[in-house]
Amino acid sequence: EDKYAVDIANTAVVEKRKRVLNEWLAWVRKEKELLEEERQALGIPEEGGEADRLKTAVTALDSKADAVVE
Amino acid sequence: MRPILLKGHERSLNQIKYNRDGDLLFSVAKDKVLCVWFAANGERLGTYQGHQGAVWTLDVSPNTVLLATGSADNEVRLWNVKTGECVKVWDFPTAVKRVEFSPDGSRLLAVTEKRMGYLGTIVVFDICYGDGEGGDLNDQNDEPSLRITCEESKATVAGWGYLGQYIIAGHEDGSVSQYDAKEGEQLENVQAHEFDYQINDIQFSSDRTYFITASKDKTAKILSTRNLAILKSFPSDTPLNTAALTPKKDYVILGGGQAAMDVTTTSARQGKFEARFYHRIFEDEIGRVKGHFGPLNTIAVHPAGTGYASGGEDGYIRVHHFDKPYFDFMYEVEREQMRR
C-alpha cells in the first residue's frame with residue numbers, strides 16, 4: 001500500500017514536470033515567433049547566428065520541427 | 001570543476017562581465033580599479049586606472065571596442081578596450097550604480113543614484129565608434145539622448161529588452177518597470193519582489209525575451225520582457241545579490257549572503273556563500289558550489305555557456321569551467337522531450 005502511495009506521488013510529480021516543461025517550451029517558441037515578427041517589422045538585421053547556436057538542444061529541435069511545418 | 005582564483009582586487013567585487021566572445025573577463029571593485037583578465041587561464045592582461053571612487057558597474061560593447069564604467073565618484077567613463085585609454089568622462093551629481101550597452105552597442109544606459117536634492121535617473125547616451133579602427137573614439141556626445149526620472153522609487157539596476165525596444169529597471173522598492181527606450185515613458189510596473197526589498201541584479205537571456213532579477217527578499221524571479229509577467233521563482237535562504245542565466249543548459253545561478261555589517265554573529269553567515277544552481281524550468285535547487293569567504297556580489301556566465309565566474313566580498317574572483325556532468329544532467333521528462 002505504501003509503495004502504491006509512493007507510485008501515485010511519483011506519477012504526480014512527473015505529470016507536473018511534463019506540464020511545466022511543455023508550458024515553458026510553448027512560451028519560448030511563441031516569444032521567438034513574436035520577436036522575429038517585430039524584428040522584421042523594424043527592419044533590424046539578425047543578431048548573428050552566434051546567439052542562435054547558444055540555444056538549448058531542446059529548443060533547437062523544436063525550431064527545426066517548426067521549419068519543416070512551414 | 002576546479003576553479004581558477006583571480007587575485008587582483010584588494011576589496012569587495014562589484015561587477016564582473018565577459019565580453020561577447022568570452023575570451024576576456026572584466027572586473028570592478030570597491031578598490032577603484034578595473035581589471036581585465038584572460039578568461040581561459042585567469043592571467044591578468046591589465047588594469048584601467050582613473051576613477052576616484054569605488055567602481056560599481058561595467059559593461060563591454062558587443063564588438064569589444066569600448067568599455068563603460070560607473071563609479072561612486074559620480075562619473076561614467078568610456079575606455080578604449082585595446083589601449084586602456086579613457087576616451088570620455090560624463091559627470092553626474094550623484095554616484096552611478098549601473099551601466100549597460102544596448103544589444104547593438106549604439107546606446108549606453110546609466111543608472112544614477114538618488115541623493116538629497118536629486119532623484120534617481122536612468123540616462124541614455126548615443127555611442128560612436130570613431131573611424132572603425134580604434135581612432136576618434138573620444139568623439140562622443142556630451143548630452144544624453146534620453147533621461148528618465150524615477151519619481152516613485154529609485155532604480156537600482158537596469159538593462160535593455162529585446163531589439164533595444166525597452167529599458168527594464170529594477171527598483172529599490174522591489175518593483176520592476178518597463179520603459180519605452182525611445183520616449184522614456186513608463187509602460188508597465190509590477191511589484192515583482194517583496195515591497196521595500198531592493199533588487200540587486202538583473203540579467204537577460206541571450207535573445208532578451210526574458211530576464212532574471214535577484215532581490216534582498218531572498219528570491220530570484222524570471223520575468224517576461226514583453227509584459228513583465230512573472231514566469232519563474234527561485235526561493236533561497238539568504239539575501240541575493242546576483243542572478244545569472246546559463247546558455248546551453250536551462251539553469252540559473254544565484255549568489256548572495258548577508259553582508260558582514262548586517263549580522264551580529266559569524267555563525268549566521270556560515271554556509272551562505274555558495275553559488276546556488278537551480279533548474280530554470282522546474283525551479284528546483286540542483287547544486288551548490290562553495291569557495292568564497294564572504295557574500296557573492298556578482299556572477300557572470302560565459303556567453304557560450306561553458307563556465308561561469310563569481311566575484312565576492314572577499315575580493316576574489318573564482319572562474320569555473322563546467323565539467324561533463326554539468327552538461328549531461330537532465331530530468332527524465334527533458335530526456336523524453338528530446339527523444340520525441
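Author: Start with a rule for reading sheets. Two strands count as paired if DSSP finds at least two bridges between them. Keep in mind that this model is predicted.

Reader: Then show me a pair. How many bridges join S1(B) to strand S28 of chain B?

Author: Four bridges join them. Strand S28 covers residues 316-321 of chain B, and the two strands run antiparallel. Take one position as a marker. B:Leu6 stands opposite B:Ile317 in S28(B).

Reader: What is the strand order in the open sheet that holds S1 and S28?

Author: Read across chain B as S1-S28-S27-S26. That makes an open sheet of four strands, with antiparallel pairing. Now look for the edges. Strand S1 (4-7) and strand S26 (296-301) of chain B each pair on one side only. As for twist, neighbouring strands of this sheet are turned by 20 degrees against each other on average, direction ignored.

Reader: Which strands form the open sheet that starts with S22 in chain B?

Author: Its order is S22-S23-S24-S25. Those four strands of chain B pair in the antiparallel sense. The edge strands here are S22 (240-245) and S25 (285-289) of chain B. From one strand to the next, the twist averages 20 degrees.

Reader: Where could I place a finger on the pairing of S22(B) with S23?

Author: Strand S23 spans residues 251-256 of chain B and meets S22(B) over five antiparallel bridges. Put your finger on B:Thr242. Its opposite residue in S23(B) is B:Gly255.

Reader: Next, hairpins. How many residues lie between S18(B) and S19(B)?

Author: Look for two paired strands and the turn that links them. Here five residues separate S18(B) from S19(B) in a hairpin. In the turn, B:Arg208 has a positive phi of about 65 degrees. Strand S18 takes residues 199-204 of chain B, strand S19 takes residues 210-215, and five antiparallel bridges pair them. One of the partnerships sets B:Gln203 against B:Ile212 in S19(B).

Reader: Now the interface. What area is buried between chain A and chain B?

Author: The general idea comes first. The size of an interface is often given as the accessible area lost when the parts come together. In this model the figure for chain A and chain B is about 2,700 Å², and carbon and sulfur atoms give 65% of that area. By contact, 25 residues of chain A face 30 residues of chain B.

Reader: How many salt bridges are there between chain A and chain B?

Author: Side chains of opposite charge can pair when their charged atoms come close. The count between chain A and chain B is four. One of them links the side chains of B:Glu336 and A:Lys18, at 3.8 Å from N to O. Over all chains, the whole structure holds 22 salt bridges. Among them, B:Asp284 meets A:Arg17 at 3.9 Å, N to O. That pair crosses between chains, from the loop between strand S24 (275-279) and S25 of chain B to helix H1 of chain A.

Reader: How many residue pairs are in polar contact between chain A and chain B?

Author: There are three such pairs, counting residues at pLDDT 80 or more. Next, check which elements supply the side of chain A that touches chain B. Helix H1 (2-42) and helix H3 (57-69) of chain A each give two or more residues to that side. The largest share, 16 residues, comes from H1(A). By type, this side of chain A has 14 nonpolar, two polar and nine charged residues.

Technical notes. Residues are numbered from 1 along each chain as its sequence is written. Chains are lettered from A and ligands numbered from 1 in the order in which they are written. This is a predicted model: local features need pLDDT of at least 70, side-chain atom pairs count only at pLDDT 80 or more; totals for chains, interfaces and linings use all residues. Side-chain values use heavy atoms; hydrogens and water are left out. Axes are lines fitted to C-alpha atoms, for helices over the stretch in contact, and angles run from 0 to 180 degrees between N-to-C directions. Contact means heavy atoms within 4.5 Å. Buried area is the accessible area (1.4 Å probe) that two parts lose on being put together, summed over both. A polar contact is a pair of N or O atoms within 3.5 Å; within protein, one must be able to donate a hydrogen and the other to accept it, and residues adjacent in sequence count only if both atoms are side-chain atoms. Ala, Val, Leu, Ile, Met, Phe, Trp, Tyr, Cys and Pro count as nonpolar, Asp, Glu, Lys and Arg as charged, and the others, Gly among them, as polar.
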